[in-house]
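Biologist: I am new to this structure and would like to learn how to read it. Could you take me through its features one at a time?

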Amino acid sequence: MSYFAVQYTYIDDARALDAERPHHRAYLSTLLGGSLVVSGPYVDSELPGALLIMRAGSADELEQLLDLDPFWTANLIAERSVEEWNPVLGSLSAD
């Protein structure tokens, strides 16, 4: 299993995001202890968005899970990036 840094950039529609957020968080909660390591929104950013640290066998496998996120299915994510990440120091490192 590899780690991945996932970045979401949300659309500029606070009302739509607020309405869908409980479903989004409920879905991500189902991934805790499995694929989802940690997630949360950026603070005081010019563009609303979030960072998710996830684990999966491949980027394709991870994107299939992310495609089920209610924010994604409701078209509230303007941009999504998935990058394999190698933690070399800290609690997630292999050392």
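Biologist: How many aromatic pairs are there, and how is such a pair recognised?

Modeller: Rings of Phe, Tyr and Trp (its six-membered ring) pair if their centres lie within 6.5 Å; planes under 30 degrees apart are called stacked, over 60 edge-to-face, and the rest tilted. By this rule there are three aromatic pairs here. In one of them, the ring centres of Tyr3 and Trp85 are 6.3 Å apart and the planes stand at 80°, so this pair is edge-to-face. Tyr3 belongs to strand β1 and Trp85 to strand β4, 82 residues apart, so the pair links distant parts of the chain. Strands (E, at least two residues) and helices (H or I, at least four) are DSSP runs numbered from the N terminus. There is also one aromatic cluster, formed by Tyr8, Tyr10 and Phe71.

Before we go on, two notes on the ground rules. This is a predicted model: local features need pLDDT of at least 70 and side-chain atom pairs count only at pLDDT 80 or more, while totals for chains, interfaces and linings use all residues. Residues are numbered from 1 along each chain as its sequence is written, and side-chain values use heavy atoms, with hydrogens and water left out.

Biologist: Is Tyr3 buried or exposed?

Modeller: Buried means under 20% relative accessible area, exposed over 50%, and partly exposed in between (1.4 Å probe, protein chains only). Tyr3 has 14%, so Tyr3 is buried. Trp85, at 36%, is partly exposed.

Biologist: Which charged end sits over the ring of Tyr3?

Modeller: A charge sits over a ring if NZ of Lys or CZ of Arg is within 6 Å of the ring centre and within 35 degrees of the ring normal. For Tyr3 it is the charged end of Arg55, 5.0 Å from the ring centre. Likewise, the charged end of Arg80 sits over the ring of Trp72, 3.9 Å from its centre.

Biologist: What is the order of the strands in the sheet?

Modeller: Two strands pair if DSSP finds at least two bridges between them. Here four strands form an open sheet in the order β2-β3-β1-β4, with antiparallel pairing. β2 (36–41) and β4 are at the edges with a single partner strand each, so one side of each has no neighbour in the sheet. From one strand to the next, the twist averages 15°. Eight bridges join β1 to β3, and eight join β1 to β4. Tyr3 stands opposite Arg55 in β3, Ala5 has Ile53 in β3 as its bridge partner, and Tyr8 is partnered by Arg80 in β4.

Biologist: Which residues have the most contacts inside the largest nonpolar core?

Modeller: A nonpolar core is a set of buried Ala, Val, Leu, Ile, Met, Phe, Trp, Tyr and Cys residues joined through side-chain atoms within 4.5 Å. The largest has 19 residues, and those with the most contacts inside it are Val6, Tyr8, Tyr10, Leu52, Met54, Leu62 and Leu66. At least two core residues come from each of β1 (2–10), α1 (14–31), β3 (49–56), α2 (59–66) and β4 (77–85).

Biologist: And what is His24 in contact with?

Modeller: Contact means heavy atoms within 4.5 Å. Neighbours within four places in sequence aside, His24 is in contact with Tyr8, Tyr10, Asp69, Pro70 and Phe71. His24 lies in helix α1 and, at 5% relative accessibility, counts as buried.

Definitions and conventions
Axes are lines fitted to C-alpha atoms, for helices over the stretch in contact, and angles run from 0 to 180 degrees between N-to-C directions.
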